[in-house]
Amino acid sequence: MVKPTSGQVLIGSSREFDTTARATDPRTVHAMLARALEFMPVLGELAVVRAWTGIRAATPDHLPIVGPVPGMSRVWLACGHEG
């Protein structure tokens, strides 16, 4: 395996719908690691440094907001893509 310049490897990501829980689900982390090991068994030699979770930015209709902000001619939005 080529060592990344940061010395770290990011494995992810996942989604859970209809939740606002901010805790990392150990079952999800385990499933992601197990799947990654299928493709790169050498990852098993590395130490897990951290697991991170966050809320994906989404709109109620699940459509992104892209376009100018009314009344602000020089401001455009490109957000709510949620992955």
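Helices and strands are here DSSP runs, numbered from the N terminus, and in these terms Pro60 falls in the loop between H1 and S1. The views below are all drawn from a predicted model.

**Figure 1. Pro60 and Gly80 in the predicted model, with the loop between H1 and S1 in view.** Pro60, which is found in this loop, has a relative accessibility of 83% and therefore counts as exposed, the threshold for that class being over 50%. Although Pro60 and Gly80 are 20 residues apart in sequence, their C-alpha atoms are 9.4 Å apart in space.

**Figure 2. Thr59 and its surroundings in the loop between H1 and strand S1, residues 65–69.** Thr59 has a relative accessible area of 12%, and because this is under 20% the residue is classed as buried. The side chain of Thr59 is joined to that of Asp61 by a polar contact of 2.8 Å. When residues up to four places away in sequence are not counted, Thr59 touches Ile65 and Gly80.

**Figure 3. The backbone at His62, again in the loop between H1 and S1.** Phi of His62 is near 65 degrees, a positive value in a residue other than glycine. As background to this view, most residues other than glycine have a negative phi. His62 counts as exposed, with a relative accessibility of 59%.

**Figure 4. Ala57 and His81, with C-alpha atoms separated by 6.8 Å.** Ala57 lies in the loop between H1 and S1, whereas His81 is found in the segment after strand S2, which comprises residues 72–79. The two residues are 24 residues apart along the chain. Residues up to four places away in sequence being left out, Ala57 touches Gly80, His81 and Glu82, while His81, counted in the same manner, touches Ala57, Pro64 and Val66. His81 has a relative accessible area of 45%, and is partly exposed because this value falls between the 20% and 50% limits. With respect to Ala31, from which His81 is 50 residues apart in sequence, the C-alpha to C-alpha distance is 25 Å.

**Figure 5. Leu77 in strand S2 and its contacts.** Leaving aside neighbours within four places in sequence, Leu77 is in contact with Ile65, Val66, Gly67 and Val69. The C-alpha atoms of Leu77 and Gly67 are separated by 5.4 Å, with the two residues 10 residues apart along the chain. Leu77 is partly exposed, its relative accessible area being 36%.

**Figure 6. Helix H1, residues 26–39, and the residue before its start.** For the 14 residues of this helix, a rise of 1.5 Å a residue leads to an expected span of 20 Å, and the C-alpha atoms at its ends are 20 Å apart, so the two values agree. At the start of H1, a side-chain oxygen of Asp25 comes to within 2.9 Å of the backbone nitrogen of Arg27. As a general guide to reading such a view, an α-helix has 3.6 residues a turn, so residues three or four places apart point the same way.

**Figure 7. The largest pocket of the model and its lining.** The space in this pocket amounts to about 1,500 Å³. Its lining is made up of 43 residues, and those nearest the centre of the pocket are Ile11, Gly12, Ser13, Met32 and Trp52. Sorted by class, the lining of the largest pocket comprises 22 nonpolar, 13 polar and 8 charged residues.

Notes
Residues are numbered from 1 along each chain as its sequence is written. This is a predicted model: local features need pLDDT of at least 70, side-chain atom pairs count only at pLDDT 80 or more; totals for chains, interfaces and linings use all residues. Side-chain values use heavy atoms; hydrogens and water are left out. Helices (H or I, at least four residues) and strands (E, at least two) are DSSP runs, numbered from the N terminus. The expected span of a helix is 1.5 Å times one less than its number of residues. A polar contact is a pair of N or O atoms within 3.5 Å; within protein, one must be able to donate a hydrogen and the other to accept it, and residues adjacent in sequence count only if both atoms are side-chain atoms. Buried means under 20% relative accessible area, exposed over 50%, partly exposed in between (1.4 Å probe, protein chains only). Contact means heavy atoms within 4.5 Å. On a 1 Å grid over the protein atoms alone, a cavity is a set of points where a 1.4 Å probe fits but cannot get out, and a pocket is an open set with protein on both sides within 12 Å along at least five of seven lines; lining residues have an atom within 4 Å of a point. Grid points are joined across faces, edges and corners, and a volume is the space filled by probe spheres set on the points. Ala, Val, Leu, Ile, Met, Phe, Trp, Tyr, Cys and Pro count as nonpolar, Asp, Glu, Lys and Arg as charged, and the others, Gly among them, as polar.
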